[in-house]
Each structure stands twice: as structure tokens, then as C-alpha cells.
Amino acid sequence: MKGTARRRSYGVKGAPYDHPPTTPLERARSAPYVFLLPATILFALFFALPIGYALWLSLRKVRVSGLGLGSGARREVWAGLENYTDALSDSELLHGALRVLGYGCVVVPVMLGLALLFALMLDSEKVRLAPVTRLAIFLPYAIPGVVAALLWGFLYLPDVSPFYFVLDKLGMPQPDLLDGGPLYLALSNIAVWGGTGFNMIVIYTSLRAIPAEVYEAAKLDGATPRQIALRIKIPMVAPSLVLTFFFSIIATLQVFNEPTTLKPLTNSVSTTWSPLMKVYRDAFGEGDIHGAAAQAVIIAFATLLLSFGFLRAANRRQKQEAAR
């Protein structure tokens with residue numbers, strides 16, 4: 001008979017398979033991809049797509065014909081690497097990067113040093129009220145950066161700060177923390193105050209993961225608490241120190257909230273004080289969205305390069321120490 005329907009016979013050797021059933025092994029292999037799908041979609045929409053769009057904008061520019069009036073007078077054309085060459089030769093971007101470098105030289109060592117010190121103190125056997133102390137150190141991190149910058153900004157202002165009032169009554173000098181060199185200390189203080197708690201929690205968690213047998217063996221050998229901290233605890237939390245240093249570098253290169261919030265309070269903070277502030281000004285203040293995109297790509301590439309170089313150096317050192 002013409003058009004005889006093909007039989008579906010599953011489990012019979014040699015029988016044709018139109019739609020073979022899914023086995024438990026196949027379902028188990030596809031399960032990770034199903035769970036990763038939402039994260040992949042979010043990553044593509046809110047990370048990969050904006051980066052791709054920024055790259056596209058950085059390779060184009062607006063060409064103005066005549067007086068720039070009328071339809072077609074302003075049109076977007078291909079620019080190639082012109083925006084990148086202009087950004088790399090921009091002295092304001094370079095000066096902003098140097099200011100951020102000086103800012104980071106103050107913030108990163110002080111913040112990580114305090115975080116390590118607090119973590120070691122909380123991990124001590126003689127510490128009291130550890131949960132309360134830990135919460136008090138971590139609490140500034142929970143305050144938004146803009147709010148923290150405003151709070152500290154009013155404490156820096158001579159007219160409203162209670163500290164200046166006390167110094168005036170005591171007849172002591174009243175330094176202007178929002179002008180000149182002290183401005184770096186004022187901005188660094190805000191970052192240290194807000195970021196020490198987070199780094200402390202990371203290091204403290206790593207300390208709590210060290211087996212107690214290690215400490216007991218060190219005590220049997222006659223090691224003092226100071227020797228245990230310097231020769232056991234700090235070397236064993238080195239990966240956490242590398243991680244916190246990595247995060248601190250990224251946060252330093254992306255500093256924006258603190259100087260932007262303090263800018264209305266002082267004339268010492270310009271609109272190009274940090275590289276990201278210059279990107280914001282060029283994009284939304286001057287309307288040069290294409291040049292700003294090129295600057296943003298350069299900042300992102302520099303951040304990636306520094307982070308990758310630091311992680312590679314840290315991994316090489318760990319391998320050398322493990323080989324000894």
C-alpha cells in the first residue's frame with residue numbers, strides 16, 4: 001500500500017527512530033546549560049552588549065557640514081582609530097590618571113593594612129564582643145558611596161564642621177582639607193572608611209577557615225601569638241590578600257562618586273579630576289559621545305591589563321613558593 005506509515009519501535013534492534021526518547025544521562029548533561037541560560041542572557045544584555053556598543057561608538061564620529069544647520073548637516077561617519085589617538089594625546093586624561101595613581105597609592109595600602117589588622121584582632125582568642133565589633137567595622141561599607149561622601153564633605157567644611165569648631169576653641173590651626181594636597185587625604189579617607197570593612201570580612205573569613213590544629217601545633221612548638229600571626233596566619237591568607245588587592249585596584253581606577261560629590265563644595269576638584277569624570281563630562285556635558293566612548297574603552301583596557309598583570313605575577317610567585 002502506498003504511503004505506508006513508518007513504524008515507531010523503540011528498544012527493538014534495527015528499528016528506525018523518528019524521535020528517540022531522552023535518556024537520563026542526556027538530561028543530566030543539558031541541565032547545566034539550562035541553569036546557565038538566565039545568567040548568560042543577563043550577561044549578554046547588560047555587559048557584553050554595552051561593551052560592544054561602546055566599541056562601535058568609539059570607531060565613529062560626527063561630521064558637521066557647513067554651519068551645522070538643516071537636515072543632513074550633521075552625520076555620523078566612520079572614524080577608525082582617530083578617537084583613540086585623540087584620547088591618548090589628551091593632557092587632561094593623562095593628568096586625571098596621574099591624580100588617580102596618587103590617590104591609589106594612599107588608599108590601597110592603608111585600606112588593606114587596616115583590614116588585615118582588624119581581621120587579625122578579631123581572630124584573636126582574647127577578643128571580646130567580636131560580633132558587635134565586626135558589625136561596627138563592616139557597617140560603613142553598607143552606606144552608599146554618595147551618602148558617605150556627603151557626610152564627610154560637610155565634616156570637611158570649616159563653616160559647618162564640628163571639628164573646626166573644636167579646633168577654633170582650642171586655638172589650634174584649622175587645615176583646609178578640600179584644597180591642595182590635603183584633598184587627596186580627604187578623598188582617601190572616604191574610600192578607606194567605606195572599603196575597609198568589606199576587605200576585613202574577606203580576610204577574616206579566610207582566617208576562620210584555617211584548621212585549629214595548625215594553631216595548636218604552633219603553640220606546642222612555643223610560638224607566641226605575634227609569631228603565629230606573622231608566620232602562619234598572614235601567609236595562609238595570602239590568596240585573600242591578593243583578591244582584596246585586585247578588587248582595590250579596580251575600585252581605585254574607577255573612582256568617581258567621591259570627587260564628583262565633593263566638587264560643589266570646593267574649587268579644587270575639576271570636572272576632569274579623574275578619568276571617569278572626564279568621560280562623563282565629554283559624553284553628557286559637551287556631547288562628544290564618540291570621544292567619551294573611546295576614553296572609556298581605554299580605561300577598561302588599562303584596568304584589564306593591570307589586573308591581569310597583577311594576577312599573573314601573584315600566581316607566578318605562588319608557584320615559586322610551592323616549588324621550594
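1. Let's start with the pair that caught my eye: α7 and α10 come out roughly antiparallel to each other, because angles over 145 degrees are classed that way and theirs is about 165°, with the axes 9 Å apart. Their crossing is right-handed. Bear in mind throughout that this is a predicted model.

2. Who touches whom here? On the α7 side you'll find Phe-198, Asn-199, Val-202, Ile-203 and Ser-206, and they meet Ser-240, Leu-241, Leu-243, Thr-244, Phe-247 and Ser-248 of α10. It's a mixed contact by class: six residues are nonpolar, five are polar and none is charged. As for the spacing of such lists, an α-helix has 3.6 residues a turn, so residues three or four places apart point the same way.

3. A word on α7 itself, which covers residues 182–208. What does its length look like against expectation? At 1.5 Å a residue, its 27 residues should span 39 Å, and the end C-alpha atoms sit 38 Å apart, so the two agree. There is a kink too, of about 35°, and its centre is Gly-195.

4. Next, the other partner of α10 (residues 238–253). This helix also packs against α13 (residues 289–323), at an angle of about 165° and with 10 Å between the axes. That makes α10 roughly antiparallel to α13, and the crossing of these two is right-handed.

5. From α10, the contact with α13 uses Pro-239, Val-242, Phe-245, Phe-246, Ile-249, Ile-250 and Leu-253; from α13 come Thr-303, Leu-306, Ser-307, Phe-310, Leu-311, Ala-314 and Gln-318. Sorted by class, that gives 11 nonpolar residues, three polar ones and no charged ones.

6. Finally, α8 (residues 212–220) and α9 (residues 225–236): how do they cross? Their axes come within 11 Å, at roughly 155°. The pair is therefore roughly antiparallel, and the crossing is right-handed.

7. In this last contact, Val-214, Tyr-215, Ala-218 and Lys-219 from α8 meet Ile-228, Ile-232, Lys-233 and Met-236 from α9. The class count is six nonpolar, no polar and two charged residues. If you want to look at the charged members, they are Lys-219 in α8 and Lys-233 in α9.

Notes
Residues are numbered from 1 along each chain as its sequence is written. This is a predicted model: local features need pLDDT of at least 70, side-chain atom pairs count only at pLDDT 80 or more; totals for chains, interfaces and linings use all residues. Side-chain values use heavy atoms; hydrogens and water are left out. Axes are lines fitted to C-alpha atoms, for helices over the stretch in contact, and angles run from 0 to 180 degrees between N-to-C directions. Helices (H or I, at least four residues) and strands (E, at least two) are DSSP runs, numbered from the N terminus. Angles under 35 degrees count as roughly parallel, over 145 as roughly antiparallel, 65 to 115 as roughly perpendicular and the rest as oblique. A crossing is left-handed if the near helix is turned anticlockwise from the far one by less than a right angle, and right-handed if clockwise. Contact means heavy atoms within 4.5 Å. The expected span of a helix is 1.5 Å times one less than its number of residues. The bend at a residue is the angle between axes fitted to the seven residues ending there and the seven starting there.
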